[in-house]
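Trainee: Could you take me closely through one part of this model, and then follow the thread to whatever else deserves a careful look?

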Amino acid sequence: GLKGNTEYFFRVAARNAIGTSPKSPNSKPVTTEVGAPSYPASVFATALGASSIFVKWTSPSVSNGVVQAYEISYVPAANQSATSIATPIQVKLFNATSTKEENDTISGLFSFVDYVVRVRATNSKGN
């Protein structure tokens, strides 16, 4: 398929039983829409204490433009099942345009509770 946020030119030729016509001149440039980024890779979370978690990740392999923010969501693991994704108790936005850091700390958590943490990248198209 075509890549998002990429400029393309098109040429057209007609074909029938007699043969194929010469190709048309290049079209005016057409830029595809920006696509949503892929998920960040290598998400790693570790406890910093009884009620905080350090989360680290790497940029998505497909950014489709500029990653503007990372959405960090978390939910107690006990609320999670194998067949459904629980609604996060909190979603935190991390502004990616103001820093190149790819980590954050989640604090104010329930003490000694296991959490499921997810990180999503966002660009002008969404996430």
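Mentor: In this predicted model, Leu2, Phe10 and Val30 form a nonpolar patch on the surface, together offering about 280 Å² of accessible area, where a patch is made of residues with over 30% relative accessible area and no salt bridge, like charges being joined within 9 Å and nonpolar side chains (Val, Leu, Ile, Met, Phe, Trp, Tyr) within 5 Å. Accessible areas come from the Shrake-Rupley method with a 1.4 Å probe, and for residues only the protein chains shown count as cover. Residues are numbered from 1 along each chain as its sequence is written, and because the model is predicted, local features need pLDDT of at least 70 and side-chain atom pairs count only at pLDDT 80 or more, while totals for chains, interfaces and linings use all residues. Side-chain values use heavy atoms, with hydrogens and water left out.

Within the patch, Val30 lies in strand 2 (residues 30-31), strands being DSSP runs (E, at least two residues) numbered from the N terminus. Val30 has a relative accessible area of 41% and is therefore partly exposed, the class between buried (under 20%) and exposed (over 50%).

Turning to charge, the side chains of Glu71 and Arg120 meet in a salt bridge at 2.8 Å, N to O, the rule being a side-chain nitrogen of Lys or Arg within 4 Å of a carboxyl oxygen of Asp or Glu. This pair links distant parts of the chain, with Glu71 in strand 5 (residues 69-76) and Arg120 in strand 8 (residues 115-122), 49 residues apart. Glu71 counts as buried at 15% relative accessibility, whereas Arg120, at 28%, counts as partly exposed.

Key
Helix = DSSP H or I, 4+ residues; strand = E, 2+ residues; numbered from the N terminus. Buried < 20%, exposed > 50% of the residue type's maximum accessible area, 1.4 Å probe, protein only.
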